[in-house]
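Colleague: I have a structure open and would like to talk through it. Can you take me round?

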Amino acid sequence: MLADMEEPPVLVGVRTRLRSWRADDAPAIHAACQDPDIQRFTTVPSPYRYADAEWFLAHHVHDVAAEGGRAFAVEALGEPGLAGSMALLHARPEPDRGVVGEIGYWTAPWARGRGWTADALGVVVAWAFAERAVDRLELLIDPENAASRAVARRAGFAEEHLDPAHVLRDGSVRALLVHGLHARDRG
Ligand SMILES: CC(C)(COP(=O)(O)OP(=O)(O)OC[C@H]1O[C@@H](n2cnc3c(N)ncnc32)[C@H](O)[C@@H]1OP(=O)(O)O)[C@@H](O)C(=O)NCCC(=O)NCCS
């Protein structure tokens, strides 16, 4: 599906394994993205159709790679099935800030509450700092998204400030809490 240079590595954490997306993930993506919280707190389409999962696999993965990021499918170690999505959405140099990356994620409802998202986030954070020369990582989280704010805290991100009118990838504007983590703070 991807050119060799875009093909992400397999990354393994304590509880999760992050791999590249496959065409046969479409049914599990489609099922997970029926979840109201995924539709509310991420930029996936709503309603979410099967064609949206196919579009994600055919285009989103490449778009992310073109922006210096990588998109991973998350599996739990020892549990079959797609647990979620974890992506370095982009990584680019910014004036006075070094290379700044943004991470986005969702986890299928059946796979929540087991610490898998926090584990997978920690894996991508470590990989981005070590392998992608990223200086700073950000998470942009709706203030009402208590679950995602807890995941961010668990992974070591600091809640920094509210961006009152953040423009998302789909062009919509939302008030979002900026969470940040610097490579230098991880020693
Ligand atoms: C946010 C989301 C990814 C959390 O996934 P999860 O697998 O339940 O998270 P984990 O099991 O790894 O939990 C990590 C921490 O969050 C806490 N947490 C999880 N759900 C929570 C909730 N609803 N309220 C408060 N804390 C919550 C856990 O207790 C845990 O904290 P701890 O380590 O201090 O015990 C999941 O709810 C989701 O996919 N939501 C919809 C999409 C979304 O919001 N994406 C993020 C957009 S910014």
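Modeller: One term to begin with: a residue is exposed if 12 or fewer other C-beta atoms lie within 10 Å of its own, and buried if 20 or more do. This is a predicted model. Take aspartate 96: 4 other C-beta atoms lie within 10 Å, so aspartate 96 is exposed.

Colleague: Where does aspartate 96 lie?

Modeller: In the loop between β4 (84-94) and β5. Its phi is near 65°, which is a positive value in a residue other than glycine.

Colleague: What is usual for phi?

Modeller: Most residues other than glycine have a negative phi. Alanine 133 is another residue other than glycine with a positive value, near 55°. Alanine 133 follows α4 and sits in the loop between α4 and β6.

Colleague: How exposed is alanine 133?

Modeller: Partly exposed, with 14 other C-beta atoms within 10 Å.

Colleague: What follows α5?

Modeller: Glycine 156, with a positive phi near 95°.

Colleague: Which peptide bond is cis?

Modeller: The one from serine 46 to proline 47, where omega is near 0°. Proline 47 is in the loop between α2 and α3 (50-66).

Colleague: New topic, the ligand. How many residues surround it?

Modeller: There are 22 around the ligand, and the closest are Phe41, Arg112, Thr117, Ala147 and Ala150. Two or more residues each come from α2 (36-41), β5 (98-107), α4 (116-131) and α5 (146-154).

Colleague: Which element gives the largest share of the shell?

Modeller: That is α5, with six residues. By class, the shell around the ligand holds eleven nonpolar, seven polar and four charged residues.

Colleague: Staying with α5, which of its residues are buried?

Modeller: Ser148, Val151 and Ala152. They cover an arc of only 100° around the axis, so they are on the same side of α5. Ala146 and Ala150, on the other side of α5, are exposed.

Colleague: And what covers the buried residues of α5?

Modeller: The cover includes α2, α4, β6 (136-141) and β8 (173-182).

Colleague: Now α4. What end-to-end span should it have?

Modeller: At 1.5 Å a residue, the 16 residues of α4 should span 22 Å, and the end C-alpha atoms are 22 Å apart, which agrees. Its buried residues include Trp116, Thr117, Asp119, Leu121 and Val124.

Colleague: Which residues touch the most other members of the largest nonpolar core?

Modeller: Leu121 and Val124, in a core of 47 residues. The element that gives the most to this core is α4, with nine residues.

Colleague: What does leucine 121 touch?

Modeller: Not counting residues up to four places away in sequence, leucine 121 touches Met86, Ile103, Tyr105, Val151 and Ala155.

Colleague: Last bit, β8. Leucine 176 lies in that strand; is leucine 176 buried or exposed?

Modeller: Buried, because 20 other C-beta atoms lie within 10 Å. Leaving aside neighbours within four places in sequence, leucine 176 is in contact with Leu140, Ile141, Asp142, Asp163 and His166. Its C-alpha atom and that of alanine 165 are separated by 7.5 Å, the two residues being eleven apart along the chain.

Colleague: What about the loop between β7 (158-167) and β8?

Modeller: Aspartate 170 lies there. Aspartate 170 is exposed, with 9 other C-beta atoms within 10 Å.

Colleague: How far is aspartate 170 from proline 45?

Modeller: They are 125 residues apart in sequence and 9.3 Å apart in space, C-alpha to C-alpha.

Key
Residues numbered from 1 in each chain as written. Predicted model: local features only at pLDDT ≥ 70, side-chain atom pairs only at ≥ 80, totals over all residues. Near = placed C-beta within 6 Å. Helix = DSSP H or I, 4+ residues; strand = E, 2+ residues; numbered from the N terminus. Nonpolar A, V, L, I, M, F, W, Y, C, P; charged D, E, K, R; others polar. Expected span 1.5 Å × (residues − 1). Core = buried A, V, L, I, M, F, W, Y, C linked by C-beta atoms within 7 Å. Contact = placed C-beta atoms within 7 Å. Arc of directions from axis to C-beta.
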